[in-house]
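Visitor: Please give me a close look at one part of this structure, the largest pocket. Explain each term when you use it.

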Amino acid sequence: MNSLQKTLRFSSTTWLIIYACAISASDLDPKAISIKLPEQINWVANPSGSETAVLVGDPSKPGLYVVLNKWKAHHNSKPHSHPNDRYITVISGTWWVGSGTDYNPDGLKAVPPGSFVTHYGNEIHYDGAKEGDVILQIVGIGPATSSPATSK
């Protein structure tokens, strides 16, 4: 067998394996599992310099919700609070967080990817991104409202 035949046989085998994997993945029962690939996630821009993608639930209504939040570089929130606890995982980028009513962007604490943070209900905090974009997964119980803090 010459090298061209070996290459063609290897290429054919590789494509057959890829095709078989694609067929088996397409056989998933949609009642048992749902998959959203990154390009299927619908990001919505917010005036605050962030984008949000709702994965589960409806943050504006009572009940469990899961959202992705993307802070664009050089955007931060001002001091605010939420009525319920929120559970946040940093997916990518470095997230910057602060607490208290006095907004101090120079005092923000860096939170690296893979970190888990809890924002406790009715406690004042602010957060955002510095040099690069940040993606967070936020889990909470809605409605997910926000109230601006007043300075002391």
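Guide: The protein has one helix and 12 strands, where helices are DSSP runs of H or I with at least four residues, strands are runs of E with at least two, and both are numbered from the N terminus. Along the sequence the helix comes at the start, and the strands follow it: α-β-β-β-β-β-β-β-β-β-β-β-β. The model is predicted, so local features need pLDDT of at least 70 and side-chain atom pairs count only at pLDDT 80 or more, while totals for chains, interfaces and linings use all residues. Residues are numbered from 1 along each chain as its sequence is written, and side-chain values use heavy atoms, with hydrogens and water left out.

Two overall values help before the pocket itself. Of the 152 residues, 28% count as buried (under 20% relative accessible area; exposed is over 50%, partly exposed in between, with a 1.4 Å probe and protein chains only). Among contacts (heavy atoms within 4.5 Å) with a separation of 6 or more, 69% join residues 24 or more positions apart.

Now to the pocket. Rolling a probe the size of a water molecule over the atoms shows where empty space is left. On a 1 Å grid over the protein atoms alone, a pocket is an open set of points where a 1.4 Å probe fits, with protein on both sides within 12 Å along at least five of seven lines, and its lining residues have an atom within 4 Å of a point. Points are joined across faces, edges and corners, and the volume is the space filled by probe spheres set on them.

By this account the largest pocket has a volume of about 430 Å³. Its lining consists of 25 residues, and T52, N69, H82, R86 and I138 are the closest to its centre. Five elements each give two or more residues to the lining: β2 (50-56), β3 (63-71), β6 (86-92), β10 (125-129) and β11 (134-142). The largest share, five residues, comes from β3. By residue type, the lining of the largest pocket has 11 nonpolar, 12 polar and two charged residues (Ala, Val, Leu, Ile, Met, Phe, Trp, Tyr, Cys and Pro are nonpolar; Asp, Glu, Lys and Arg are charged; the others, Gly among them, are polar).

One of the residues closest to the centre, N69, shows how the parts meet. N69 lies in strand β3. N69 counts as buried because its relative accessible area is 10%. Apart from neighbours within four places in sequence, N69 is in contact with W43, N46, S50, E51, T52, V134, I135, L136 and I138. Two of these partners, T52 and I138, are also named among the residues closest to the centre of the pocket.

A45 shares two of the contact partners of N69. Leaving out neighbours within four places in sequence, A45 is in contact with S50 and E51, and both residues also touch N69. A45 is found in strand β1 (residues 44-45). A45 counts as exposed because its relative accessibility is 61%. The C-alpha atoms of A45 and K70 are 9.1 Å apart, with their positions 25 residues apart along the chain.

For contrast, consider the second largest pocket, which holds about 150 Å³ of space. Its lining is V97, G98, S99, V117, T118, H119, Y120, E123, I124 and H125. At least two of these residues come from each of β7 (95-99) and β9 (116-119). The lining of the second largest pocket divides into four nonpolar, five polar and one charged.

E123, from that lining, sits in the loop between β9 and β10. Apart from neighbours within four places in sequence, E123 is in contact with H80 and S81. The C-alpha atoms of E123 and D85, 38 residues apart along the chain, are separated by 9.1 Å. The loop between β9 and β10 also contains N122, which has a positive phi of about 65° although it is not a glycine. N122 counts as exposed because its relative accessibility is 55%.

Two other loops have unusual backbone geometry by the general rule that most residues other than glycine have a negative phi, and most peptide bonds are trans. H74, in the loop between β3 and β4 (75-76), has a positive phi of about 70° although it is not a glycine. With a relative accessible area of 63%, H74 is exposed. P143 lies in the loop between β11 and β12 (147-148), and the peptide bond from G142 to P143 is cis, with omega near 0°.
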